[in-house]
Structures are given as structure tokens and as C-alpha cells.
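Please open the model in your viewer and keep the selection panel at hand, since this tour goes from one selection to the next.

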Amino acid sequence: MSGQPSADAGARPARLVYDDAMIRTVLSETKTIAMVGASAKEIRPSYFVLKYLLAKGFHVIPINPGLAGGQILGQTVYADLASVPEAIDMVDIFRSSDAVPGIVDEALALEPLPKVIWMQLSVRHDGAAAKAEDAGLTVIMDRCPKIEYARLSGEIGWNGVNSRVLSSKKPTLGKGFQSFGLNPARRG
């Protein structure tokens, strides 16, 4: 994990820094995402992140015990990770930081193991992250895959957000909707 936190009790955790190449690889190689804490409410961030990731070609499986058996954006909702009947590449956590250890334990009980634990913006649990990394998983904390995908593909610059890249040349668009994408196989 990049940006190892300080070991001092009560000290402010170190800022998390992740290499763009690593995030690009994770997003390019991920096909199936289990979104823990997915919401059917259109105003919730998890809803529009789920919608965005589906539009980019990911298979997103909503996890929400209160909505299990129903659907969100046409995707069957499961009560927990163990109920998902297929292999999961990434577990995207849309829950508070104190819920992370239990979710990581649940992910580590899966066969096969997911490759990535991704914690959404403001979600961070260093102990659970270390446990997942010790089991061989990649961990990303306090980041949003929607934002990272858009930033790395160049889309975020269309919205007036600083991508840290200055260029007068617009990247070549993929087919279909406006998307540069990270994975050419997903272009429509």
C-alpha cells in the first residue's frame, strides 16, 4: 500500500498516494465489481457510481441486505458477498470505515479471492487494508473508481476539473458514447 500511515497512536494518518499506472491497471483488468452498500436511491453517490461503471462496461453486482432479491439498474442485489454466485474481481466499499473489517473478512472468505479491495472517498481502515494486502489483494482507500476512471481516461477534463495534464490536443474518442476509456475492449 502506498502512503503507509504513521504508527503513532492518535497521529493523523499519512496521506494516501497511489501510482496512476497501478490504478489504471486495476481498472483495466477488473471486470466484475461487487459494490457493498449500493443504494437504489438515485441521489446517493453509490447509485450514480454504479450507473457510471455499468456504462463503462463493468459488471457491477450491488450488495445491500435490505434490498436483496430486488434490482438496482437491472442488476440483481445480493445480501452479502458470500451470496454472489460468481467470481468477484473487486470489492468496492460504500460503507463507513468502521464496517470495513467485517467486509474485508467476508471478502477473504471467498473462493476465489477477489483481486482488489477498493474503499470509497473518506473510507479508510489501515488494519483491514494490511490484512487484505497480507492475503495478496491490492488495496485502494479513500478513492472513487468513477473519478479515477474519468481522470485517467481524460473525461474528467471535459467537466472543468483539473486533470493535472495541460494539452491543447483532445484525445481520440472511442465509438458510441463519449468515452476515451481505459480498456479498448470495452469501447462501444
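A residue is called buried here if its relative accessible area is under 20%. By that criterion 41% of the 188 residues of the protein chain count as buried, in what is a predicted model.

**The whole chain**

Begin with the cartoon of the entire protein chain, in which five helices and seven strands can be picked out. Followed along the sequence, these elements give the pattern α-β-α-β-β-β-β-α-β-α-β-α. Among contacts between residues at least 6 apart in sequence, 58% join residues that are at least 24 apart.

**The sheet**

Next, select the strands of the open sheet, which number five and come in the order β2-β1-β5-β6-β7, with parallel pairing. Strands β2 (59-63) and β7 (138-140) stand at the edges and have a single partner strand each, so that one side of each is left without a neighbour in the sheet. When you look from strand to neighbouring strand of this sheet, the turn of one against the other is 20 degrees on average, with direction ignored.

Now narrow the selection to β1 (residues 32-36) and β2, which pair in the parallel sense over five bridges. One place to look is M35, whose bridge partner in β2 is P62.

**V36 and its surroundings**

Stay in strand β1 and select V36, which is found there. Is this side chain buried or exposed? With a relative accessible area of 7%, V36 is buried, because that value is under the 20% cut-off. Beyond its neighbours within four places in sequence, V36 is in contact with I63, L81, V91, D92, I93, F94, R95 and I103. For V91, one of these contacts, the separation from V36 is 55 residues in sequence and 7.1 Å in space, taken C-alpha to C-alpha.

**Helix α1 across the strands**

Add helix α1 (residues 20-29) to the view, and you will find that helix α1 lies across β5 (90-93), β6 (116-119) and β7, running at about 110 degrees to β7.

**E148 in helix α5**

Move on to helix α5 (residues 145-153) and select E148 within this helix. The relative accessible area of E148 is 8%, and E148 is therefore buried. When its neighbours within four places in sequence are left aside, E148 is in contact with I23, L27, W118 and R143. Select R24 as well: E148 and R24 are 124 residues apart in sequence, while their C-alpha atoms are 8.3 Å apart in space.

**Two helix pairs**

Two packed helices are described by the angle between their axes and by the distance between those axes.

Keep α5 displayed and add helix α2 (residues 45-55), which packs with α5 at an angle of about 45 degrees, with the axes 9 Å apart. That angle makes α2 oblique to α5. Show side chains for F48, V49, Y52 and L53 of α2 and for P145, K146, Y149 and A150 of α5, since these residues make the contact. By class, the contact of α2 with α5 has seven nonpolar residues, no polar ones and one charged.

Finally, select helix α3 (residues 100-108) and helix α4 (residues 126-134), which pack at an angle of about 10 degrees with their axes 9 Å apart. Helices α3 and α4 are therefore roughly parallel to each other, and their crossing is left-handed. In this contact V100, P101, V104, D105 and L108 of α3 meet A128, K131 and A132 of α4, a set that divides into six nonpolar, no polar and two charged residues.

Definitions and conventions:
Residues are numbered from 1 along each chain as its sequence is written. This is a predicted model: local features need pLDDT of at least 70, side-chain atom pairs count only at pLDDT 80 or more; totals for chains, interfaces and linings use all residues. Side-chain values use heavy atoms; hydrogens and water are left out. Two strands pair if DSSP finds at least two bridges between them. Helices (H or I, at least four residues) and strands (E, at least two) are DSSP runs, numbered from the N terminus. Axes are lines fitted to C-alpha atoms, for helices over the stretch in contact, and angles run from 0 to 180 degrees between N-to-C directions. Contact means heavy atoms within 4.5 Å. Angles under 35 degrees count as roughly parallel, over 145 as roughly antiparallel, 65 to 115 as roughly perpendicular and the rest as oblique. A crossing is left-handed if the near helix is turned anticlockwise from the far one by less than a right angle, and right-handed if clockwise. Ala, Val, Leu, Ile, Met, Phe, Trp, Tyr, Cys and Pro count as nonpolar, Asp, Glu, Lys and Arg as charged, and the others, Gly among them, as polar. Buried means under 20% relative accessible area, exposed over 50%, partly exposed in between (1.4 Å probe, protein chains only).
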